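Visitor: I have some questions about aromatic rings. Please show me the model.

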Amino acid sequence: AGLLMGLFGHDPWLGMVNFAIGHGLGNLALTPIAMLLTGRRRYRETIDLLRDRWRDAIWVLPLTLGAVVCVFGQTRWSMMFLPVIVVVLATFRLGRTGAAIGIVMIAAGGGIFTAHGYGPVWMMGLGVIGTVFFFQFYLVLTVLTVLAIAAELHDRSALLRRICVSEERFRMFAEHSSDLLMHLAPNGSVRFVSPSIRQFGGLDPEAMIGTDSADFVHPDDLALSVEALEQVRRGEPVLNFVNRHRHKDGSWRWLSSVGVPEGR
């Protein structure tokens, strides 16, 4: 496109400017696509993703190609927004790979139809150079829009994977630790208790969910326990907090605790 704009410019300087703009738009549109689809790692990721999400791929990719053909294969209706919407859908279903493949379909299919005189761009009456320029500009805007969404989805997926790994590590630690771990709501009700409560208090951890932690505290230590909970609620950690907890058999066991505000 940059070569065409340069050759058809009547003014040599204007032709050079058109040439540079055309090449710049082309590089801006195609470089991100090449980065997503080239390289051994990217190729492996693409193959793995299409294999894992083949049910989405068998309808999203034909739908994207169909939208490109329907929009750029005619000159009656200006529906250039439609391929962008479908490519965004492909991005949500197939990630960066869907974004790259969708953009390639728009670039190749839309470019071929436009070069043969079809497509909504010709309805604007911009001439050959103007039509090529506008199609490239449209492609650049599509790339920037779709890749921004793809990058955000990729970051969210990476964050979700890290959260899942962290949760799995915590679960392994909680299930195999001899220390007692408890997560309390601001009102003192039990949200989580580790399985070690069976050895310490003879209680079922699942049965404790939703109960009031104060019900298991010795009456003489209750005021101190409430004060410690208020301190944690204010965002201040509590170290070496000692009180007595009731065992299932009715006896009392001394417990040294550390209270940490949620989020720290």
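Visitor: Why is Y138 called buried?

Guide: This is a predicted model. In it, Y138 has a relative accessible area of 10%. Buried means under 20%, so Y138 qualifies.

Visitor: What makes F135 buried?

Guide: The cut-off is again under 20%. F135 has a relative accessible area of 8%, so the word applies.

Visitor: And why is F72 called buried?

Guide: The relative accessible area of F72 is 0%. That is under 20%, so F72 counts as buried.

Visitor: How many aromatic pairs does a search of the whole structure find?

Guide: Four. One of them joins F72 and F135.

Visitor: Why is the pair of F72 and F135 called edge-to-face?

Guide: The planes of F72 and F135 are 85° apart. Over 60 degrees counts as edge-to-face, so the name follows. The centres are 5.8 Å apart, within the 6.5 Å limit, so the rings pair.

Visitor: Which parts does this pair tie together?

Guide: F72 lies in helix α4 (residues 54–72) and F135 in helix α6 (residues 127–176), so the pair ties together parts that are 63 residues apart in sequence.

Visitor: What makes the pair of F135 and Y138 tilted?

Guide: Their planes are 40° apart. That is neither under 30 nor over 60 degrees, so the pair is tilted. The centres lie 6.4 Å apart, within 6.5 Å, so F135 and Y138 do pair.

Visitor: Which residues do the ring pairs link into a cluster?

Guide: F72, F135 and Y138.

Terms used
Residues numbered from 1 in each chain as written. Predicted model: local features only at pLDDT ≥ 70, side-chain atom pairs only at ≥ 80, totals over all residues. Heavy atoms only, no water. Phe/Tyr/Trp six-rings, centres within 6.5 Å; stacked < 30°, edge-to-face > 60°. Helix = DSSP H or I, 4+ residues; strand = E, 2+ residues; numbered from the N terminus. Buried < 20%, exposed > 50% of the residue type's maximum accessible area, 1.4 Å probe, protein only.
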